[in-house]
Number of protein chains: 2
Amino acid sequence: MPSGSESRRVTIHDVARAAGVSRQTVSRALNDKGEIDHSTKQRVLDAALALGYRPSRFARGLVRQDTISVGLVIPDLLNPFFTEVAAAALEAARAHGWHVVVYDTADSGEEELGTLQVLTSQVDAVVGYFSRPEAEIEQLTRGLPVVLIDRGDDTERFSSIRIDGRDGVRAAISHLVESGHRRIGMLDHAARAEPSVRHAWFADAMTACGLGGGRVCRAEQSVEGGESALESLLAQHPDVTAVFTFNDIIAIGALRAARRLGREVPRDLAVIGFDGVRLGTLVEPQLSSVALDIRKLGALAVEQTARLLTRNSPLDPDQLVARADLRLRASA
Amino acid sequence: MPSGSESRRVTIHDVARAAGVSRQTVSRALNDKGEIDHSTKQRVLDAALALGYRPSRFARGLVRQDTISVGLVIPDLLNPFFTEVAAAALEAARAHGWHVVVYDTADSGEEELGTLQVLTSQVDAVVGYFSRPEAEIEQLTRGLPVVLIDRGDDTERFSSIRIDGRDGVRAAISHLVESGHRRIGMLDHAARAEPSVRHAWFADAMTACGLGGGRVCRAEQSVEGGESALESLLAQHPDVTAVFTFNDIIAIGALRAARRLGREVPRDLAVIGFDGVRLGTLVEPQLSSVALDIRKLGALAVEQTARLLTRNSPLDPDQLVARADLRLRASA
DNA sequence: TTGAAAGCGATACCAT
DNA sequence: ATGGTATCGCTTTCAA
């Protein structure tokens, strides 16, 4: 068996002893305070280096109540949309000098719970995506500032950054109709039992355009999910000439499936996604999308967190909204 | 002006007083220890809830020396390769029960320094990408376990996960040659002054195939960088029929530029990238690449960190290697 | 310039 | 079942 490390932690005390000074003097030397003799300081620094001393972040945090850490909870970092949200949040948090602890819940409710469990004792605030009931989250976070992102409409207890794509989706459908499309389908997400809010916007827009409910298929939130969903949709409704999707990743799947099925986009099938991820500009044809300002979304979430943290006039719900607007590219 | 929060922190002491018990009893109630009367426990819990009490993570960390946090330093989270590395590291870290604090250095040496500065007092180990000189990193991390990823060859002081793509690149070039290509170019990265290690592999492979040095252009690590680099390359050497690129993101830029220039891939121009990011399967045509097992890369980095952390037989350099192998798809 | 002592907020150990 | 006391490692305050 390997010879275990039975080495006790090197503390400030050890350094003090080695340098022949008191602990306070060590503290002074290490923290670049004035009021210390240059040679003493050097001696302390040498001793610290020699012993491999590192201050305990806990002990230090205990006395100097500064450093703030926030937990960022993301369902799936590999989903480009969430990647962008994370990057945006990271950037905004850095401006505040915060440390961001990132958790990927792997799109699983259980992981979410486990994450929440360990997370809460490690951070000063929580930002991110949660699918569990509010009561559950509340119980686990007990008093921690929490900012949810894109949490449907059931957000009573927590601040939530809402996404408002109603007008954007309306514009998307209008555009399709003006382009001559009549049989328009939607690829909704499949995560929950009920249709998504985005589906509701879609349905409203269809109605507003004098069209029926539209054909809907459910899709997993992945490229593959989008592919098979489009296949199902077209199998059931071969006459569909345009699709709106829950998000861009699904749309990109639809693009691929269309190609495979020999439908040229946008000639034989128009596709409009939702989110406006960068990835949409890399595929061929470039993806039209009801696009969010994702950086602003992240900044908003962080801003609200900051206000909650300082108990300083939190933004109210109608300021916590990120609008999504139609951004036309090549796919529709 | 907003009425500032002058509220002192609620401590275990306050809860104890409110519940009419001692602090220890509060601790018991909150940590689900046995040896406590049910009604007492309930009373304590109620008091805690009422006061909005949250244990100090610092105080707790000080006495229970468990929770481990590692800092993950990434140059640019929006670069799909780094996204994948981050996701892989996150996953591996979760298995250890670690918390991962993520820092995006925005590809800037200065940010890197700033990050290192604040980071070191917040984590128990550091993993990631660094471009600064080792001596500088060492000075800033002083004794913290550090695991570098893909740090060229100048890695004396730290553990580093090396990427070995020599054979993979050789295979790539051989494949091109066998497909009839003779004039092969490379789009190297432009971050540093010297050519990259990957360029050296390229040059060696070219030599081994009896071809000259090949035409090289520098590219920024972005799709746009790849686009303009390919344009330059073809402007200077219109006779080039195949390119190998520093990484996939640049290759994808090359793909786009080729399309714009009316060169069909792979017929008029073969393209092979490096990294093997998922994104490569989403573009058209799908990207051939000298591909890494990125999850393994992340797992390896975390594994070594764990060993360093426990001072438990760290892996030696030749075990810290991620091989990259040719993965042929449609672009070559 | 330096040191002694008093916290910071929790948990562990040992009494009771 | 509950409370007293020591302790974790550091910084701050105040004397010397």
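Helices, of at least four residues, and strands, of at least two, are DSSP runs that are numbered from the N terminus. In this predicted model, chain A holds 12 helices and 11 strands.

**Figure 1. The fold of chain A in the predicted model.** The C-alpha trace of chain A spans about 85 × 50 × 35 Å along its principal axes. Its radius of gyration is 26 Å, whereas a compact globule of 332 residues would have one near 20 Å. Of the 332 residues of chain A, 47% count as buried. When contacts between residues at least 6 apart in the sequence of chain A are considered, 66% of them join residues at least 24 apart.

**Figure 2. The relation between chain A and chain B.** A turn of 180°, with a shift of 0.0 Å along the axis, lays chain B on chain A with an RMSD of 0.1 Å, and that is the relation of a two-fold axis. The same surface serves both copies, since 100% of the contact residues of chain B recur in chain A.

**Figure 3. The contact between the two chains, seen from the side of chain B.** Chain B brings 39 residues to this contact, and chain A brings 39 residues as well. On the side of chain B that touches chain A, at least two residues each are supplied by helix 4 (57-63), helix 5 (80-96) and strand 2 (99-104) of chain B. Helix 4 of chain B gives the most to this side, with six residues. By class, the residues of chain B on the side that touches chain A divide into 18 nonpolar, 13 polar and eight charged.

**Figure 4. The surroundings of DNA strand C.** There are 25 residues around DNA strand C, and those that come nearest are D37(A), T11(B), I12(B), S27(B) and A59(B). Two or more residues of the surface near this strand come from each of helix 2 (23-30) and helix 4 (57-63) of chain A, together with helix 2 (23-30) and helix 4 of chain B. The surface near DNA strand C has 10 nonpolar, nine polar and six charged residues.

**Figure 5. The surroundings of DNA strand D.** Of the 25 residues around DNA strand D, the ones that come nearest are T11(A), I12(A), S27(A), A59(A) and D37(B). Helix 2 and helix 4 of chain A, together with helix 2 and helix 4 of chain B, are the elements that give two or more residues to the surface near this strand. The residues of the surface near DNA strand D comprise 10 nonpolar, nine polar and six charged.

**Figure 6. Two cis peptide bonds, one ending at P266(A) and one at P285(B).** Most residues other than glycine have a negative phi, and most peptide bonds are trans. The bond from V265(A) to P266(A), however, is cis, with omega near 0°, and P266(A) is placed in the loop between helix 11 (248-260) and strand 9 (270-275) of chain A. The bond from E284(B) to P285(B) is likewise cis, with omega near 0°, and P285(B) is found in the loop between strand 9 (270-275) and strand 10 (288-292) of chain B.

**Figure 7. Positive phi values at D275(A) and S313(A).** D275(A), a residue other than glycine, has a positive phi near 130° and lies in strand 9 of chain A. With 28 other C-beta atoms within 10 Å, D275(A) is buried, because 20 or more are enough for that class. S313(A), also a residue other than glycine, has a positive phi near 35°, and its place is in the loop between helix 12 (294-309) and strand 11 (321-327) of chain A. S313(A) is exposed, with 9 other C-beta atoms within 10 Å.

Note on methods
Residues numbered from 1 in each chain as written. Chains lettered and ligands numbered in written order. Predicted model: local features only at pLDDT ≥ 70, side-chain atom pairs only at ≥ 80, totals over all residues. Least-squares fit on C-alpha atoms with pLDDT ≥ 70 in both. Contact = placed C-beta atoms within 7 Å. Nonpolar A, V, L, I, M, F, W, Y, C, P; charged D, E, K, R; others polar. Near = placed C-beta within 6 Å. Buried ≥ 20, exposed ≤ 12 C-beta atoms within 10 Å, placed from the backbone. Rg over C-alpha atoms; globule rule 2.2 N^0.38 Å.
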